[in-house]
Amino acid sequence: MNLQTVAGLLIPFAGTSLGAACVLCMKRQLGDGVRRALTGFAAGVMAAASIWSLLIPAMDQAAGLGKLAFLPAAAGFWLGILFLLALDTLIPHLHQNADHAEGLPARLPRTTMMLLAVTLHNIPEGMAVGVVYAGLAAGGADLSAAAALALSLGIAIQNFPEGAIVSMPLRAAGLSKGRAFWYGILSGAVEPAAALLTVLAAAWVVPALPVLLSFAAGAMLYVVVEELIPEMSEGAHSNIGVLAFSAGFCCMMVLDVALG
């Protein structure tokens, strides 16, 4: 594994860490408008990355199938949706501002279940980065280093507000600044772990690259629709979330096209 790959896997984690560090320099919790804007921006980046960085390359990889090039992408997309649906059903977790936990019943602290909620939707982001760098490292796929970097940077940009969204409510719930900061970092640790495992399995990943790219896209879009869009739209003046979503979508689109 070369330095380029290692850096690509760690860039998104750096975004989460910087976002979590906001708790060290901010005295008050995030306002509803700011939280909706940050959530909307993250949702827009994830939606655009799913399309430009994952689904379109998945269909390009299967171009040899002609008019049936959509089949591997469609199959992988639904596998990703069902995978996240299973995790969402099984893992106990608590979304922001929710009163009742989801998943299997468990007697866990509220802060732990809030942490699990964010960790849950960081899994597909780590897989997405790992799949792209696995294909790049193996040299058997038509993927450019610039396109892989664009995805890493895009995920890092959307991880910055996510890190703040995790650490700030934990601080408001009574945790010390230090613990809230480390919990924010911990929520993003699953990303480089999932990405590293995918890269190490490159020999098996590359033959199934179209399916795995779309698998990550489906998993990410599940998170966007099931969690982020409802959170950015709740309460009055939900147009803030919509505008932030559009900004995030455009940002990721520009990154992918300009660098990829």
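**Rings, core and cavity in a predicted model**

Good morning. Trp78 has a relative accessibility of 54%, so this residue counts as exposed. The term has fixed limits: a residue is buried under 20% relative accessible area, exposed over 50% and partly exposed in between, with a 1.4 Å probe and protein chains only.

Before going further, I should state that this is a predicted model, in which local features need pLDDT of at least 70, side-chain atom pairs count only at pLDDT 80 or more, and totals for chains, interfaces and linings use all residues. Residues are numbered from 1 along each chain as its sequence is written, and side-chain values use heavy atoms, with hydrogens and water left out.

I begin with the aromatic rings. A pair of aromatic rings is described by the distance of the centres and the angle of the planes. Rings of Phe, Tyr and Trp (its six-membered ring) pair if their centres lie within 6.5 Å; planes under 30 degrees apart are called stacked, over 60 edge-to-face, and the rest tilted. How many aromatic pairs does a search of the whole structure find? The search finds five. In one of these, the ring planes of Phe77 and Trp78 stand at 90° with the centres 6.4 Å apart, so the pair is edge-to-face. Phe77 is partly exposed, at 23% relative accessible area.

Phe83 and Phe215 have ring centres 5.4 Å apart and planes at 45°, so this pair is tilted. Since Phe83 belongs to helix 4 (residues 70-90) and Phe215 to helix 10 (residues 209-233), the pair ties together parts that are 132 residues apart in sequence. Helices here are DSSP runs (H or I, at least four residues), numbered from the N terminus. Phe83 is partly exposed at 31% relative accessibility, whereas Phe215 is buried at 13%. Elsewhere, Trp52, Phe245 and Phe249 form one aromatic cluster.

Next comes the nonpolar core. By this I mean a set of buried Ala, Val, Leu, Ile, Met, Phe, Trp, Tyr and Cys residues joined through side-chain atoms within 4.5 Å. The largest nonpolar core has 43 residues, and Leu54, Tyr133, Leu151, Leu213 and Met220 touch the most other members. Helix 3, helix 4, helix 5, helix 6, helix 8 (190-200) and helix 10 each supply at least two residues of this core. Which helix gives the largest share of this core? That is helix 10, with 11 residues.

Some contacts bring together parts of the chain far apart in sequence. Ala217 lies in helix 10 and is buried at 0% relative accessibility. Its C-alpha is 8.7 Å from that of Met46, although the two are 171 residues apart in sequence. Met59, in helix 3, is partly exposed at 35%; its C-alpha and that of Ser214, 155 residues away along the chain, are 8.7 Å apart. Phe181, in helix 7 (residues 177-188), is buried at 16%. The C-alpha atoms of Phe181 and Val23 are separated by 6.3 Å, with their positions 158 residues apart along the chain.

I turn now to enclosed space. On a 1 Å grid over the protein atoms alone, a cavity is a set of points where a 1.4 Å probe fits but cannot get out, and lining residues have an atom within 4 Å of a point. Grid points are joined across faces, edges and corners, and a volume is the space filled by probe spheres set on the points. There are three cavities of 30 Å³ or more in the whole structure, and the largest holds about 120 Å³. Its lining consists of 15 residues, and Val118, His121, Ile165, Glu227 and Glu231 lie nearest its centre. Helix 3 (32-61), helix 5 (110-138), helix 6 (145-172) and helix 10 each give at least two lining residues; helix 5 gives the most, with four. By class, this lining has eight nonpolar, four polar and three charged residues. In that count, Ala, Val, Leu, Ile, Met, Phe, Trp, Tyr, Cys and Pro are nonpolar, Asp, Glu, Lys and Arg are charged, and the others, Gly among them, are polar.

Finally, the cysteines. A disulfide is a covalent bond between the sulfur atoms of two cysteines; the criterion used here is a pair of cysteine sulfur atoms within 2.5 Å. The structure holds zero disulfides. For Cys250, the nearest cysteine sulfur is that of Cys251, 7.7 Å away. Cys250 is partly exposed at 37% relative accessible area, and Cys251 is partly exposed at 26%.

Thank you for your attention.

Notes:
On a 1 Å grid over the protein atoms alone, a cavity is a set of points where a 1.4 Å probe fits but cannot get out, and a pocket is an open set with protein on both sides within 12 Å along at least five of seven lines; lining residues have an atom within 4 Å of a point.
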